[in-house]
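Here are some comments on the model you sent, set out as numbered points. They begin with the overall fold and then turn to the core and to individual positions.

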Amino acid sequence: MSTLTAKERTLYDSICKGMDAPGSGWLHELIPCGWSNRSAAGVLSSLIRKGLVFSHREPSSEPGAPPSYWITLNNN
């Protein structure tokens with residue numbers, strides 16, 4: 001596994017625990033306490049570039065609401 005920063009490790013560990021199932025969940029449910037959505041998105045982007053996780057954008061079902069992102073670990 002690539003070397004991770006402290007924030008990357010924190011978010012990665014949160015994804016490992018998951019919400020809906022181990023190793024997966026909605027980003028807004030997995031964001032560590034005290035983090036902003038913007039901060040989490042930046043760290044998630046780094047984990048995606050390192051090939052550790054995948055993200056799938058789901059359009060919002062409510063007009064004007066932000067999209068949701070489903071996150072899964074790359075088990076390779």
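1. Read along the sequence, the chain follows the pattern α-β-α-α-β-β, which amounts to three helices and three strands. Please keep in mind throughout that this is a predicted model.

2. On overall dimensions, the radius of gyration of the chain is 12 Å, close to the 11 Å that the globule rule gives for 76 residues, so the chain is as compact as a globular protein of that length. Taken along the principal axes, the box filled by the C-alpha atoms is roughly 40 × 25 × 20 Å.

3. Of the 76 residues of the chain, 33% count as buried, and the accessible surface comes to about 4900 Å², with 53% of that area belonging to carbon and sulfur atoms. Among contacts with a separation of 6 or more, 48% are made by residues 24 or more positions apart.

4. As for charge, the chain carries 7 positive and 6 negative side chains, and the centres of these two sets lie 12 Å apart.

5. The largest nonpolar core has 16 residues, and those with the most contacts inside it are L11, Y12, I15, L44, L47, V53 and I71. Two or more residues of this core are given by each of α1 (6-17), α2 (27-30), α3 (37-49) and β3 (68-73), and the largest share, four residues, comes from α3. As general background, nonpolar side chains tend to be buried together in soluble globular proteins.

6. Which residues does I71 contact, leaving aside its neighbours within four places in sequence? The list consists of I15, G23, S24, G25, L27, L30, L44, V53, F54 and S55. Of these partners, I15, L44 and V53 also appear, as does I71, among the residues with the most contacts inside the largest nonpolar core.

7. Two positions in strand β2 deserve to be read together, namely S55 and H56, the strand itself covering residues 53-58. S55 counts as partly exposed because its relative accessibility is 33%, a value that falls between the limits of 20% and 50%; H56, at 45% relative accessibility, also counts as partly exposed.

8. The contacts of these two positions can be set out in the same way, leaving aside neighbours within four places in sequence. S55 is in contact with L44, I48, Y69, W70 and I71, whereas H56 touches S68, Y69 and W70. I71 is not among the listed contacts of H56, although the C-alpha atoms of H56 and I71, 15 residues apart along the chain, are separated by 6.6 Å. For S55, the C-alpha separation from G18, which is 37 residues away along the chain, is 13 Å.

9. In the loop between α2 and α3, is P32 buried or exposed? P32 counts as buried, because its relative accessibility is 14% and the cut-off for burial is under 20%. Not counting residues up to four places away in sequence, P32 touches T10 and L11, and its C-alpha atom lies 10 Å from that of Y12, 20 residues away in sequence.

10. G34 is found in that loop between α2 and α3 as well, but here the relative accessible area is 76% and the residue is exposed. The C-alpha atoms of G34 and R9, 25 residues apart along the chain, are separated by 15 Å. The loop therefore holds both a buried residue, P32, and an exposed one, G34.

Technical notes. Residues numbered from 1 in each chain as written. Predicted model: local features only at pLDDT ≥ 70, side-chain atom pairs only at ≥ 80, totals over all residues. Heavy atoms only, no water. Core = buried A, V, L, I, M, F, W, Y, C linked by side-chain atoms within 4.5 Å. Buried < 20%, exposed > 50% of the residue type's maximum accessible area, 1.4 Å probe, protein only. Contact = heavy atoms within 4.5 Å. Rg over C-alpha atoms; globule rule 2.2 N^0.38 Å. Areas by Shrake-Rupley, 256 points an atom, 1.4 Å probe, with all protein chains shown as cover. Lys, Arg positive; Asp, Glu negative; His and termini not counted. Charge placed at Lys NZ, Arg CZ, Asp CG, Glu CD.
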